[in-house]
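Me: Hey, can you help me make sense of this protein? I'm new to this, so plain words please.

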Amino acid sequence: MSWNRWYAFKSYTLGALWLAPLVAFVLSQITFRTSNALQLDFGFIPSFAFSQEGMVSAMDIDITLNLSYIVFTFGSLLVAIQVASGQLTPRIIATTLLRDNVIRCTVGVFFYALLIAIGARNRLETIPHFIVSLAAILGLVSTVGFLFLIDYAARLLRPVNIVWHLGERGIKVIDDVYPAESDESGEAARPRRELGPPARVVAHRGKSAIVIAVNLKSLLAAARQADGVVELVPRIGDFVAVGEPLFRLYGGVSAIDERLLRGQVAFGAERTIEQDPTFAFRVIVDIAIKALSKAINAPTTAVLAIDQLHRLLRTVGKRRLHGEEVFDGAGRLRMVFRTPDWEDFVQLACREIRLYGAENFQIARRMRAMIENLIHGLPAPRHSALRQELELLDRAIASLYPFPEDLALARIADSQGLGGASGAKA
């Protein structure tokens, strides 16, 4: 299996809720077959000693309870996901909700308990007694798990938890893509060298899709072994149509089988967070501007989103954002691989929210607090882009607030949006 197929399979399984019932079915079969093959029978647990009629009744109750829990869980989750995606952004379905291991494990417990109870109900005359006790215990565990899941899902779907979870995943991908800390002087601007015309261009085949991941180590190793340079034309997150250039090859690497090169790039129908450092920003910004729409009008949710953007910008601003060129251990250029730079992150985090939200006191004040804090906390090379955003914010609010009292209030930096800083006199 090529790397891109393996990556696509792994990415799919991480968000496949149906795998939890499948695993539960396998575990239930292992439980029954192991107990029968090894003749394991520890007898009834003292608190779960049943008569024949009691065993039938207990298993029937377990089956009814777990079926009810499963139906209610899936039904309520579908409704909750629709409401949350409508009020926040549809991208949280794939990036947050379907990949939540607590939900998947709890659903798996429900199915495991159901299958054990069904199996015990149908084999009461032949199964070991401890299986009946296990089924009864699992019924109690399912009840506790169901109550826990209701509380957990209610908390998970709150905007503050959604954006916090996205912030956590964004920091993880920043750590992966930009592992090195930046020094106080920032990155030295290194002009990209001219490579000349490529020896070969590899076009994208198959279906038009989005680049979601790249096996950078394998491509770097191939370029080193062939003594050439591989240029990946699109960035991660870019849409690539069939026939568009995917690679430009220079030097000896042009002799590599293009199927090997294509196998190191994974495509998908939508962007994912795993290797895309700007996608977490993108989803959080979508949540903020959705909250600022006139239909929803929830500026406090947008403030919560800016809190996480502040956190992400502070993290990425302290990292060494390498340029397009990737070198081997000997210092020779082997790859051209484009990643977002500091201006990309700052503009993504600030421009749209300012455009849709500067007319709101909370947004204007929270954005100012974020920008000023970043200017004070990040190295000097990061200040230029931040000062530009601060200037644009000043120009925006100057055109939006006709009254001097409102204008003075909007120009106060406030990490809470409105209420965390003292008012201003006109």
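Reply: Sure, let's go through some rings, a charge and a few strands; just keep in mind that this is a predicted model.

Me: Okay, how many aromatic pairs does the structure hold?

Reply: There are 10 aromatic pairs in it. Take tyrosine 69 and phenylalanine 146: their ring centres are 4.6 Å apart and the planes sit at 15°, under the 30 degrees cut-off, so they count as stacked.

Me: Where in the chain are those two?

Reply: Tyrosine 69 is in helix H3 (residues 52-87) and phenylalanine 146 is in helix H6 (residues 129-156), so this pair links parts 77 residues apart.

Me: Is tyrosine 69 buried or exposed?

Reply: Buried, because its relative accessibility is 9% and the cut-off is under 20%. Phenylalanine 146 is buried too, at 13%.

Me: And how do phenylalanine 110 and phenylalanine 146 sit?

Reply: Their ring centres are 6.4 Å apart with planes at 55°, so that pair is tilted. Phenylalanine 110 comes from helix H5 (residues 101-122), so the pair ties together parts 36 residues apart in sequence. Phenylalanine 110 is buried as well, at 1%.

Me: Which residues do ring pairs link into a cluster?

Reply: Tyr69, Phe72, Phe110 and Phe146.

Me: New topic: what sits over the ring of tryptophan 164?

Reply: The charged end of arginine 311, 4.0 Å from the ring centre.

Me: And the strands: which one pairs with S1?

Reply: S1 (residues 200-203) pairs with S5 (residues 245-251), antiparallel, over four bridges. Valine 201 is opposite arginine 248 there. S5 also runs antiparallel to S3 (residues 228-232), joined by five bridges, with glycine 228 facing glycine 251.

Note on methods. Residues numbered from 1 in each chain as written. Predicted model: local features only at pLDDT ≥ 70, side-chain atom pairs only at ≥ 80, totals over all residues. Heavy atoms only, no water. Pairing = 2+ DSSP bridges. Phe/Tyr/Trp six-rings, centres within 6.5 Å; stacked < 30°, edge-to-face > 60°. Buried < 20%, exposed > 50% of the residue type's maximum accessible area, 1.4 Å probe, protein only. Lys NZ or Arg CZ within 6 Å of the ring centre and 35° of its normal.
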